[in-house]
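Hi,

Here is the structure I promised to pass on to you. Have a look at it first, and then read my notes underneath.

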Amino acid sequence: MPKDGSVTSLDGLGKPMWLVLELTYRCPLKCVWCNNPLDYDSYASKELSTEEWKQVLREGRELGALQLGFSGGEPMLRDDLEELVAEAESLGYYTNLITSGVGLTPERLSALKQAGLKQIQLSLQSAQRTLTDQLVGARVHDLKLDTARRIKAAGFPMVLNVPVFRQNIDQVEEILALAEEIGVDYLEFANIQYYNWALLNREELLPSREQIDNAEAAVNRARARLGKRMTIYFVIPDYFETRPKACMNGWGSIHLTIAPDGAALPCQEVRVIEGLEFPTVREHSLQWLWHESPLFMKFRGDEWMKEPCRTCDEKEKDYGGCRCQAFLLTGEASNTDPACAKSPDHHIIESAILGSRKPREHKPLIMRTPGGTTVIPS
């Protein structure tokens, strides 16, 4: 990924280059920007078994997938994670664990290393203990820092992911200093995208343009100072650009997610689009799901596009943007992503940005727990 967070166009030659296994939606944290479905708790009894996940891994390699992410929820809540990593290693995947760090004990870290895990991406929400713990609804800040140092000591590439929003964006310099002290190899400041829990909390989470600019300037200063010692990504949110990103490099183009219940998805968020059916690996082969399922065929190519996308000379760069964002903001998934300045619905984005600049009374943030709320300082 380029350092400015833009997306390079990739041709997967019809193969799912990236395979993500969302092993579970269960998680000990309650992050208010979580990308899991709002009804995440209804999937706990539907999770694939160890043998079912192994079959997915085998079929994924037959399709040509090489990059593999173990995600969630919190994947460490699966007792069979080490077994699945070992299976993936035997099949020739490059494996990446995406984790909050909760449950990644020294014993399990060693076992994952022995099983062949290649990379760990650890999340951190703040440079300050109190804010981290408030934002995720658990006392985990110190644990995360200890885990980061253990990951580094174990010889893994140290990848730190920082979700960015109004409450922590002014801490970029503090987080950079902390990452440098730990010895982080890759640091990603990922301005959050507004789906599911983040969309519920958008009014409180969306930063201002000034905050984005200040944070990006701090990142650029750090890049100049650190050089090759640390690779720093800063992903600007769609809301603050005039063109949408090439979401997942195009629908069903190079990315394949398998949800905890076995549903094959072109992206993690697609279940927000109403009216679609989500067949699972329990019913069909991965070959059929990727190549023939109505879900993956739905928005491939450009036949589905409306104007202005259909005749736009940039449609092969951004593929019309994000179908999930188009549905959530306009009610129709085939509309031009409102993040695009050419979209007739761009005013929706402009209104949200304008609201982020106005003085107002702050509302409670809705935590990732059924019916739960808490007030987070802004």
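Below is what I found in it, going from the whole chain down to single residues.

A word on where this comes from: this is a predicted model, so local features need pLDDT of at least 70 and side-chain atom pairs count only at pLDDT 80 or more, while totals for chains, interfaces and linings use all residues. Residues are numbered from 1 along each chain as its sequence is written, and side-chain values use heavy atoms, with hydrogens and water left out.

**The whole chain**

Let's start with the overall shape. The protein chain has 378 residues and a radius of gyration of 20 Å, which agrees with the value near 21 Å for a compact globule of that length. (That radius is taken over C-alpha atoms, and the globule rule is 2.2 Å times the number of residues to the power 0.38.) The C-alpha trace spans about 50 × 50 × 45 Å along its principal axes.

You can count 14 helices and eleven strands in the protein chain. Both are DSSP runs numbered from the N terminus: helices are H or I with at least four residues, strands are E with at least two.

How much of the chain is buried? Of the 378 residues, 56% count as buried. Buried means under 20% relative accessible area, exposed means over 50%, and partly exposed is in between (1.4 Å probe, protein chains only). As for contacts (heavy atoms within 4.5 Å), take those between residues at least 6 apart in sequence: 72% of them join residues at least 24 apart.

The charges are worth a look too. There are 43 positive and 53 negative side chains, and the centres of the two sets lie 3 Å apart. Lys and Arg count as positive and Asp and Glu as negative; His and the chain ends are not counted. Each charge is placed at NZ of Lys, CZ of Arg, CG of Asp or CD of Glu.

**The sheet**

Next, try tracing the strands. Nine strands make an open sheet with mixed pairing, in the order β7-β6-β5-β4-β3-β2-β1-β8-β9. At the edges are β7 and β9 (264-265), each of which pairs on one side only. Two strands pair if DSSP finds at least two bridges between them. For instance, β2 and β3 (residues 94-99) run parallel and share four bridges. One pair to look up is L68, whose bridge partner in β3 is T95.

**A helix and its neighbour**

Now find α4 (residues 129-136), where the buried residues are L131, T132, D133, L135 and V136. These buried residues pack against α5 (141-153). Straight after α4 comes G137, with a positive phi near 70°.

**Two residues in one loop**

Y25 sits in the loop between β1 and α1. Is Y25 buried or exposed? Y25 counts as buried because its relative accessible area is 2%. Leaving aside neighbours within four places in sequence, Y25 is in contact with several residues, including Y40, Y43, G73, R271 and R368.

C31 is in the loop between β1 (18-22) and α1 (50-63). At 12% relative accessibility, C31 counts as buried. Not counting residues up to four places away in sequence, C31 touches L135, V136, W197 and R368. You have met L135 and V136 already, among the buried residues of α4, and R368 among the contacts of Y25.

**Some unusual backbone spots**

Most residues other than glycine have a negative phi, and most peptide bonds are trans. Here are a few places to check against that.

- The peptide bond from G72 to G73 is cis, with omega near 15°. G73 lies in the loop between β2 (67-71) and α2 (81-91).
- The bond from E307 to P308 is also cis, with omega near 5°. Look for P308 in the loop between α11 (294-297) and α12 (315-318).
- M248 is not a glycine, yet its phi is positive, about 55°. M248 is in the loop between β7 (231-235) and β8 (255-258), and counts as partly exposed at 26% relative accessibility.
- Y319 is another residue other than glycine with a positive phi, near 55°. Y319 lies in the loop between α12 and α13 (323-330) and is partly exposed, with a relative accessible area of 24%.

Have fun clicking through it!
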